[in-house]
Amino acid sequence: MRTVVRGLQELRRYPSAILGLLLVGLLVGVSLYAVIGMPYSEAIHLWRAGVGVWDEYPRNARPVWTDLFTRERLPRTIVVRSGEDGRVASEPTEDGTRSVEIVLPFDFQYDGFPREITLFVDTQMTEGEEVRYTVVWRTPGEQEMTLTRNRRVRRSDVYRISQDGTVRMALPGMPAPEVGLLADLEQRPGPEGRTVVKGSYEVLVRAEIPADAELTARLVVYGQIAGLAGTDHRRRDLMVALLWGAPLALAFGFLGAVGANVSTFVLAGIGTWYGGKTDSVFQRLTELFMVLPLLPVLIMVGHFFSRSLWLMLGLIIVMSVFSGAMKTYRAMFLQAREAPYIEAAQAYGAGNMRIVFRYLLPRIAPVLLPQFVLVIPTFVFLEATLAVIGLGDPVLPTWGKVMNDALGQGALYKGYYYWMVQPAVLLMVTGFGFALLGYSLDRVFNPRLRGV
Amino acid sequence: MTEGTLLSVRNLRTWYELRKWGFLRAGYVRAVDGVSFDLGRREAVTIVGESGSGKTTLAKTLLGLVAPTDGEMDVAGRRLDGAKGKALSWIRSNVGFVQQDPYGALPPFMNVRRILSEPLDIHKVAKHEREQRIRDVLKEVRLIPAEDYLHKYPHMLSGGQQQRLVIARSLVLDPKLIVADEPVSMLDASVRVEVLQLLRNVQEEHELGVIYITHDLSTVRYFSEFAFVMYAAKLVEKAEVKELIHNPLHPYSQALLTAISDPDAENAKIIKEVPAGEPPSLVHPPPGCRFHPRCKHFMDGLCDVEEPPAFVPVSGHEVECWLYREGEGAQGGTSEESA
C-alpha cells in the first residue's frame, strides 16, 4: 500500500502522467454527466428511436460547429407549431362545421436550403370521421402556391412536402421541392447553384372541420446542421451515443480489466502458492486458452446465441482469465514466494489464504497497477471492434455501434465524416489517456524503467 | 523426558527427495540424519556447523516448516512432528523464529505496528491486549520510544534495528522456545554482540529456551550454556560451551576451533592446520564416520565401516568419534591434541 501511495505521489513528476490523468478524468466526468443527466432508461429510449422521438431532427445532419468553418450560414431546423408561433383563425359555416385557417410563419435567413420540409397535422375529433385539408405555400414575395388540395386526415397525418411528386412537377428545373420552394425562381442557376430567397415564409393550412373538433399543425423545416455531434440516418442525435458511449466504454474496459487482469493476478498467486495440482491445472488451462482464438469464439456466440454487451464481456473475461499474463505473474510469484518473511509468517502461524492475500499479492501489486491501467483501453477497443464487425449490443448506444452504423450507411463515401470520426476520436482519446497514465505508472512502479 | 525438559528430539531425520523424470526417485538429500538432544527450560544451546551441514533444515524441522522424515520431537510434552490444527497452532505460538536476513524477514510493505500485530491477529489475541503487547516487546528489544517506530517501514530501520524487530516479533506471542537461525551473520560486526546480548537478556528474563544456530564459533561464548557441533547432518559433539572451547574432543570440533580468526598480528605468520577436503555430499554420505575422509586420526577398517555411537569420555560431554571408545582411554586423544 505504501509503495502504491508513494508511487502515485511520484507520478506528479511526469507531465505525460498529468495529461493522461486529465484525459481519463475528462472521460470519467463525461460519463458521470451522461449517467446523471440522462438516465439509462431515457438513453435507451432515445437510442431505440421510437415513433415521434426524433421527428424534429434532420437525417444525417452535420454537427452545428461545422458552421464555423463554412462561409455561408447553414440552415438549422425550424419548427413552427400552430399553438405557439402559428396563427389560427376559425369561423363557423352555415352547415354546422367550422372553417379553420392555420398560418405557420417562419423567418428563413440562411444561405443554404433546408434538408426536408414536413408538415405534421393532428386532429381531435370523433372516431371514424375524417377531415380534408389544403396546404398553401406563401413566399416573402407574397406569391402563393397550393401544395396539396383536400388531403385526408383521420387522426394525424404526416405530409412530407419534400417527397410530394406533384410539388416537384410544379417546380420544373428544381432538384427537389425544398429547393424550389425557397429558391429565387427568376435566377438562372449559376455555377454556385441557386440562391435562397431570404425572408418570411408562411404555410397556410385550411380545412373544414366539425364544430367540436380541433386541428393542430406543426411545420418542420429541417436544417443541414443539428446538435453538437450531428445526427445519423435515423435522425438520432449522435450526442446520445457519444455521451453514453463513455460510461459504457469505461465500464466495459474497467470490468474487463478487473475480471481478466486482477483475477488472473489473484489466481496466479493462489496457484503459485499452493503449487502441485492447483498450479498444474491453472497452467494447463492457461496454455489451452492461449491457443483458443478469442474473436472467432465471440463471433460464433454472437451469431448463434446473444449479442448482449454483458454476455460478451463475461465471455471475454472467462477467456482472458487464463491468459498469457498468468505466466508473467506466476514467474513473479515464484520469486516472491521464496522471501524469508513468508517463511516467518508460516512460522508464526499464518494460514495459506492469509499468506496469499496479505504477503504474496501485496508484494507484486505495484506491478499490477500499470498493467491494469494499460489493459483497460484494450477492452474498450475490443468492444468497439465487436460492434464494428456487427456484434455490438443491439440496444446500447456505444461508440462502436455508431461506427458500425456509419460503416453500414457508407458515411465516408457520402461525405458524412463526422459520423465516423467522432467516435473514432473518442476511442483514440481513451486509448491515449490510459496509455499515457499506464506508461507513467509503469515507469514509477517498474524499477528497471526508472530514470531511463 | 523429565519435568525440566522443554524440547526433546529423538533420532530426527529430515530427508529431501530428489526426483528424476518427475516420479523416479533419484535419492534423498539427508539434511538432518539422526539428531537427538534435549533442551531444558531456560536453557540456551548453540548449534555450530558449516554451510551445508543441515543446520537450517534442523531449524525448519523444529519450527514445523519442514516435515521430518522420521523421529520424534516434543515441545513441553506436546508432540511436534505431524502436528495439525490446534496442536500445530499451539506450537506456532510457542516457538518463535529469528531468521538470518533481517530485511528479508520483514515484509517491506508493512509498518512496524502491522508486522507485530500480524501474529497477534492470527492467534486471535484480544484487540485491547495487542497494543500493550506490541509496546512491551518493542521496549524489550529497546526500540524506544515505541511511538517513533510504530509507523516506520523496515527499510527505514538500520540492520541492527531490523533484527531487533525480528526478535520482537518472535517474542510477541510470548513463546517458550525461540529458534534463531544465524541471527547475526548478516549484521555488521559492531552490532552482533549487541543483538546477541539482547537475545540472551530476553532469554534469561522470560526463561525461554533458545536454539542458536551459527557457523561462527566466535559468537558462541556470548550466548549459551551448551554447544552442539553439527557435521554432515549429525550432531557430532555436545558439551558445555566452556568445555567445548577448552577441550574439544571431536577432530572436526578441534579443526573448527583452530579456524576461528583472531585479530592478532602474530596470526599472520601462523599457518593454521585446516582439514583438507570439503564437507561430504548429503546425498551419498560416506559410510561409517562422516568425517573420516578428512580426519587425520582416521583408523582404517573402523571409521570407514561403522558409524560411531555417542561416547561420554568426560561427564556431560558427548562425542561421536571412535577415538573415545571404551578402553581406548578417554583422555588419550585429548591430551594428544592439546599437546
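Colleague: In which sense do S1(A) and strand S9 (residues 214-222) of chain A pair?

Modeller: They're antiparallel, and four bridges hold the pairing. Strands here are DSSP runs of E, at least two residues long, and helices are runs of H or I, at least four, numbered from the N terminus. Two strands pair if DSSP finds at least two bridges between them. One opposite pair is A:Arg81 and A:Arg218 in S9(A). Before we go on: this is a predicted model, where local features need pLDDT of at least 70, side-chain atom pairs count only at pLDDT 80 or more, and totals for chains, interfaces and linings use all residues. Residues are numbered from 1 along each chain as its sequence is written, while chains are lettered from A and ligands numbered from 1 in the order in which they are written.

Colleague: Okay, which side chains of strand S1 (residues 78-81) of chain A are buried?

Modeller: A:Ile78 and A:Val80, which point to one face; A:Val79 and A:Arg81 point to the other and are not buried. Buried means 20 or more other C-beta atoms within 10 Å of the residue's own, exposed means 12 or fewer, and partly exposed is in between, with C-beta atoms placed from the backbone.

Colleague: How many bridges pair strand S4 (residues 116-124) of chain A with S9(A)?

Modeller: Nine, again antiparallel. There, A:Glu116 has A:Tyr222 as its bridge partner. S4(A) also runs antiparallel to strand S7 (residues 156-160) of chain A, over five bridges, with A:Thr118 opposite A:Arg160.

Colleague: Now helices. Why do the buried residues of H9(A) line one face?

Modeller: Start with the general idea: an α-helix has 3.6 residues a turn, so residues three or four places apart point the same way. In H9(A), the buried ones are A:Leu309, A:Met312, A:Leu313, A:Ile316, A:Ser320 and A:Val321. Looking down the axis, they fall within an arc of 160° (taken from the directions from the axis to the C-beta atoms), so they line one face. Their cover includes helix H6 (238-274), helix H8 (294-304) and helix H12 (352-391) of chain A.

Colleague: And how many residues of chain A are in contact with chain B?

Modeller: 16, and they meet 18 residues of chain B. Contact means C-beta atoms, placed from the backbone, within 7 Å. On the chain A side, H11(A) gives the most, with six residues. By class, that side has 10 nonpolar, three polar and three charged residues; Ala, Val, Leu, Ile, Met, Phe, Trp, Tyr, Cys and Pro count as nonpolar, Asp, Glu, Lys and Arg as charged, and the others, Gly among them, as polar.

Key:
Contact = placed C-beta atoms within 7 Å.
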